[in-house]
There are 2 protein chains.
Amino acid sequence: MVVSPNGNKISDATVRRLSKYYRSLKYAYDRGMRTISSQELADMNTLTAAQVRKDLSFFGAFGRRGLGYYVADLQRNIARILGINKTWNVALVGAGNIGRALIDYDQFRQQGFLMKVVLDNDPDKIGKVYHGIEVRDFANVEEEVKKGKIKIAIVAVPAQFAQGVVDRLVECKVRAFLNFAPITVQVPDGVFVRNENMAIELEALSFALTNRREPRRTLGE
Amino acid sequence: MVVSPNGNKISDATVRRLSKYYRSLKYAYDRGMRTISSQELADMNTLTAAQVRKDLSFFGAFGRRGLGYYVADLQRNIARILGINKTWNVALVGAGNIGRALIDYDQFRQQGFLMKVVLDNDPDKIGKVYHGIEVRDFANVEEEVKKGKIKIAIVAVPAQFAQGVVDRLVECKVRAFLNFAPITVQVPDGVFVRNENMAIELEALSFALTNRREPRRTLGE
């Protein structure tokens with residue numbers, strides 16, 4: 001269970017919004033804003049000001065009535081809450097199409113997620129260098145995880161191998177997984193998994209296109 | 001605004017869960033289940049049965065008291081609701097690392113999202129063939145969108161080009177975008193954008209690792 005410092009259970013949706021606020025604050029700061037209101041933060045994310053205030057209230061009192069939030073302060077606080085005020089060493093398992101694209105994914109590096117180790121079991125891939133990182137043999141996963149001080153693993157292997165890969169990494173004390181394989185992997189208590197399935201975003205679009213309310217037409221048209 | 005057939009506003013979170021139910025039903029069916037309860041569907045997604053029933057109730061009455069849902073029926077109904085009971089022609093703009101990985105992304109094809117057109121403005125990429133699709137010149141976007149009957153565009157270009165690309169596609173009557181660029185793009189009413197940022201999932205993991213409640217230790221330990 002994930003709880004805030006003052007004991008509230010925090011939903012996935014709240015965490016997602018914190019990530020968005022963090023980006024909005026960065027954007028605002030880069031454009032010279034030094035204070036920001038909950039309404040402004042809400043508008044940047046198509047939310048209500050009440051939602052913004054509620055999300056932030058789980059973690060403390062950051063704003064000042066009538067003034068709003070100091071942009072830099074709030075950004076720093078959210079970074080701390082999200083645990084991105086430090087760097088995290090990440091391992092990638094699976095150097096296929098998706099995996100190789102992720103090795104060099106700017107957004108990871110910018111947020112402090114450092115790709116330290118890339119593993120595969122394909123002899124054709126082991127030893128190859130992608131974006132400056134050499135692919136190593138998954139057979140040596142224990143040593144690689146230890147040496148690389150890996151805290152988070154990204155799993156980009158075919159569906160039938162995903163559970164086995166995760167099980168092995170859990171044995172190696174990895175406690176957090178971003179899973180790209182199209183299956184739900186099982187993990188013990190205290191281990192966290194997020195599933196990345198980009199088709200789900202496209203489904204949200206096909207849903208929107210299918211269910212949108214057509215603009216009202218007047219009789220005159 | 002996206003509304004259900006019976007007039008309810010549907011939240012992003014509900015749409016996301018529908019996508020998950022769809023996958024669970026597929027999984028259940030493949031394993032021989034022919035009926036399923038809201039509790040079973042909930043358990044497969046770490047939700048409550050009440051949540052499952054509420055989400056589905058927006059769209060109609062699918063279950064039978066005491067019996068649950070027919071797996072195949074419910075799957076078909078959710079596919080229709082999500083608009084994935086048909087295929088959608090998709091264009092990709094930007095044939096860089098991420099873009100090239102997406103051309104061949106199984107999950108898109110399996111859900112009926114067909115990559116028909118790949119566009120770039122880089123002379124070194126135009127004419128190259130990736131996974132059987134030739135990269136064409138973005139300068140001809142209008143013709144390509146028309147010829148390809150494109151309904152959804154995936155934007156995988158550097159941040160500074162994303163808004164321009166989206167504006168041009170909106171002019172070409174594309175109404176739905178999956179944006180991989182790390183900026184918020186502005187679109188007119190009636191146009192839908194989803195932002196894909198894989199770092200946000202890693203942030204949810206760093207949040208979980210940072211804020212997890214440690215297992216209770218007894219005095220004996």
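## A guided tour of the two-chain model

Begin by selecting A:Val93 in this predicted model. Leaving aside neighbours within four places in sequence, the residues in contact with A:Val93 are A:Leu119, A:Phe138, A:Ala153, A:Val155, A:Ala156, A:Val157 and A:Val165. Display these residues together.

Next, select A:Val93, A:Ala153 and A:Val155, and add B:Val93, B:Ala153 and B:Val155. These six residues belong to the largest nonpolar core, which holds 126 residues, and they touch the most other members of that core.

**Chain A as a whole**

Now select the whole of chain A, which has 221 residues, and of these 38% count as buried. Its C-alpha atoms fill a box of roughly 65 × 50 × 35 Å, taken along the principal axes. Colouring by secondary structure brings out nine helices and nine strands in chain A. As to contacts within chain A between residues at least 6 apart in sequence, 56% of them join residues at least 24 apart.

Colour residues 12–82 of chain A in one shade, as domain 1, and residues 88–201 in another, as domain 2. Between the centres of domain 1 and domain 2 of chain A, taken over C-alpha atoms, the separation is 31 Å.

**Where the chains meet**

Show chain B beside chain A. How many residues of chain B are in contact with chain A? There are 50, and they are in contact with 50 residues of chain A. On the chain B side, select in turn α1 (12–30), α5 (97–103), α6 (106–110), β8 (176–179), β9 (192–195) and α9 (198–211); each of these elements gives two or more residues to the side that touches chain A. Pause at α9(B), which gives the most, with 14 residues. Then colour this side of chain B by residue class: 28 residues are nonpolar, 11 are polar and 11 are charged.

**The axis between the copies**

Finally, consider how the two chains are related. A turn of 180°, with a shift of 0.0 Å along the axis, lays chain B on chain A with an RMSD of 0.0 Å. The relation is therefore that of a two-fold axis. The same surface serves both copies, since 100% of the contact residues of chain B recur in chain A.

Which residue of chain B comes closest to the rotation axis? Select B:Ala101, whose C-alpha atom lies at 3.2 Å from that axis. The tour ends at this residue.

How values were computed:
Residues numbered from 1 in each chain as written. Chains lettered and ligands numbered in written order. Predicted model: local features only at pLDDT ≥ 70, side-chain atom pairs only at ≥ 80, totals over all residues. Core = buried A, V, L, I, M, F, W, Y, C linked by C-beta atoms within 7 Å. Buried ≥ 20, exposed ≤ 12 C-beta atoms within 10 Å, placed from the backbone. Contact = placed C-beta atoms within 7 Å. Domains from an automatic or database assignment. Helix = DSSP H or I, 4+ residues; strand = E, 2+ residues; numbered from the N terminus. Nonpolar A, V, L, I, M, F, W, Y, C, P; charged D, E, K, R; others polar. Least-squares fit on C-alpha atoms with pLDDT ≥ 70 in both.
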